[in-house]
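Work through the exercises below with the sequence and coordinates at hand. Each task is followed by a solution in steps.

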Amino acid sequence: MSEARLFKPRFNPAKPAFGILVFLLYLFLLAPLLIVFVVSFASNQYLSFPPEGLTFKWYEMLPEESTFMNGMRVSLIVAVIVTVIVLALGVPVALALDRFEFKAKAAVQSFFLSPLLIPSIVLALGMVLLFGPLNLNNTYTGIIIGHVAITIPFVIRTTLMSLATTDTSCEAAARILGAGSWTVFRRITLPIIQPGVIAGGVIAFIVSFDEAVISLFVAESGLPTLPVQVLRYVENSADAAVAALSVILILISLAVVVVVERAMGLRKALR
Amino acid sequence: MTVTQTEAPAARRAGAAEGELEKSTGRRNRRTYLALLIPGVLGLVVSFVFPLAYMVRMSFNKGAPDGVIEETFTLDTYIQPLTDPYYWRVTLDTFQMGVTVGLLCVLVSYPVALFLARSTSKYRGLLIAVAIAPLLTSAVVRTYGWMVILGTNGLVNSTLDGMGLIDTPLKLTNNMTGVTIGLVEIFMPYAILAMISGFGRLSPQLEEAAGSLGASKLQIFTRVTLPLSLPGILTAFLLVFVLSISTFITPRLLGGGSVQVLATEIYDQTTGLLNWPFAAALSVILLVLFGLIIAVYQRLTKKIGG
């Protein structure tokens, strides 16, 4: 009995204190998202605290706010096309990197991950300069080309991740049994890499959908995306209409988070 | 494992002429992986290499503030930012902001990362997801959230005013204070992610061992926990630093025009003054700064690791 007591940890005041600290830091981390939620339901005409009452008027205003609706349309079109393109380009690259041996492999891999290392403002400037003489500024083509560079690393990384966790014996077996390359890919490889492809696809979608800097440089005047419209609105107005829109954007992000978490784990996908 | 390796034993069993089969699969392999790689490579060349190369070339042109560009090869665009005290100020402010945000971000992320790395809770996965999920939310939205919190009529000022603690609202937006607070929060998920991955050698067993050998809580922390988590802390600091010095949205919105860093300067030169060669030169300077820091970091991690 006395021995058991010897090893029983004493009450340690540092433990709950640490717990409270971590809780407060989580609160800090989520503060801007939580506050947007509160403001979007507050009836105050201008941004102020405390909320005076509950209202849905900011949400009801959204469909009539044509700048937001147009921006939403542009962003959705861009994000869907970008997702399709980077999946079509990125998944084969990941396959080549994992399933084949070739000399410049390490270099090719760093090349495909390098857009994440370049500040997006620098890329954005390069694009607006290059697109000028090509008449691609303020076009869908311009924004889409711009977004391909910054989303392709995510697709390659998540696909590589699911390829790395599986061995090649299934594919080899299918081949020995006489399946052609396409059949092996369709019936064996694709189901194996599906989680990585899904995670990479939805991450590419949300990165493109939320991207503001490249869109701002390339298409601010002629084809503003939703983040660009929000940016402009926030700079000029003080009401809470943009809070309601922000809540919707946060919910879309949340859906993406849930899909990625289910498919392969958020931490693995974003590492 | 490669396809060639897995196919070879099968070929042996089938009694085929090994060498020839190797050769033919080798050639087919080459064709296959090239077919897989080339579309992606082309895509990235068009959307990534061309813009950057064009920008670097542009930085050697001569530009007038009204958008006229003279095709030439000059270093004029570099001489101005490197000699004008204003641009030294901007570069220095950018650097200082990066260091401040990096340090504060590491400070607030460390307890969370430590908690997540040690946690044995069944909600650990969920807590990790919550900590890094903000990465996938719009930077514009999160910056807007901070404007609501820190603004003149924002949460902080209204609360302090309501409690009678202040007479005039604190100036927390349209200055570096606001930008710093916003950036620290926005980059926290990156820091937490980098730290958890960098805490590989940290284990509760080691800390317990130190404790049972008589080390005090403080000694365990300074002698075991902190040294072992140092690589993760360093990576997180560096990541946040490079992200901060190149970020645009938050300095633009929370800085409200009175915070000038390299990114906002590049934007103003591009869209306001239409001085493209100059904006390109500033971008190249930012890239060089980036490269230098990453090189120093790699040196450092090699030293720590060895």
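Two residues are in contact if their C-beta atoms, placed from the backbone, lie within 7 Å. The model is predicted.

**Exercise 1.** Find which residues Leu125(A) touches, not counting residues up to four places away in sequence.

Solution. Start with chain A: Phe217(A) is one of the residues touched by Leu125(A). Then go to chain B, where Leu125(A) touches Met55(B), Ile266(B), Thr270(B), Ala279(B), Ala280(B) and Ser283(B). Next, place Leu125(A) in the nonpolar core: along with Ala191(B), Leu125(A) has the most contacts inside the largest one, which has 163 residues. Helix α4 of chain A, residues 66–99, gives the most to this core, contributing 15 residues.

**Exercise 2.** Decide whether Val141(B) is buried or exposed, and list its contacts beyond four places in sequence.

Solution. First locate the residue: Val141(B) belongs to helix α6 of chain B, which covers residues 139–150. Then count neighbours: 26 other C-beta atoms lie within 10 Å of Val141(B). The cut-off for a buried residue is 20 or more, so Val141(B) is buried. Its contacts, leaving aside neighbours within four places in sequence, are Val36(A), Ser246(A), Leu249(A) and Ile250(A). As a distance check, Val141(B) and Tyr54(B) are 87 residues apart in sequence, and their C-alpha atoms are 32 Å apart in space.

**Exercise 3.** Determine whether chain A is more spread out than a compact globule or not, starting from its secondary structure.

Solution. Count the elements: chain A has 13 helices and zero strands. For 271 residues the globule rule gives 18 Å, whereas the radius of gyration of chain A is 24 Å, well over that value, so chain A is more spread out than a compact globule. The extents of the C-alpha trace along its principal axes are about 85 × 70 × 30 Å. For burial, 46% of the 271 residues of chain A count as buried. For contact range, take the contacts in chain A between residues at least 6 apart in sequence: 79% of them join residues at least 24 apart.

**Exercise 4.** Describe how the two domains of chain A meet.

Solution. Set the bounds: domain 1 of chain A runs over 13–55 and domain 2 over 63–270. The C-alpha centres of these domains lie 31 Å apart. Their contact takes nine residues from domain 1 of chain A and eight residues from domain 2 of chain A. Finally, classify the side of domain 1 of chain A that touches domain 2 of chain A: seven residues are nonpolar, two are polar and none is charged.

How values were computed. Residues are numbered from 1 along each chain as its sequence is written. Chains are lettered from A and ligands numbered from 1 in the order in which they are written. This is a predicted model: local features need pLDDT of at least 70, side-chain atom pairs count only at pLDDT 80 or more; totals for chains, interfaces and linings use all residues. Helices (H or I, at least four residues) and strands (E, at least two) are DSSP runs, numbered from the N terminus. A residue is buried if 20 or more other C-beta atoms lie within 10 Å of its own, exposed if 12 or fewer, and partly exposed in between; C-beta atoms are placed from the backbone. Domain bounds come from an automatic or database domain assignment. Ala, Val, Leu, Ile, Met, Phe, Trp, Tyr, Cys and Pro count as nonpolar, Asp, Glu, Lys and Arg as charged, and the others, Gly among them, as polar. A nonpolar core is a set of buried Ala, Val, Leu, Ile, Met, Phe, Trp, Tyr and Cys residues joined through C-beta atoms within 7 Å. The radius of gyration is taken over C-alpha atoms; the globule rule is 2.2 Å times the number of residues to the power 0.38.
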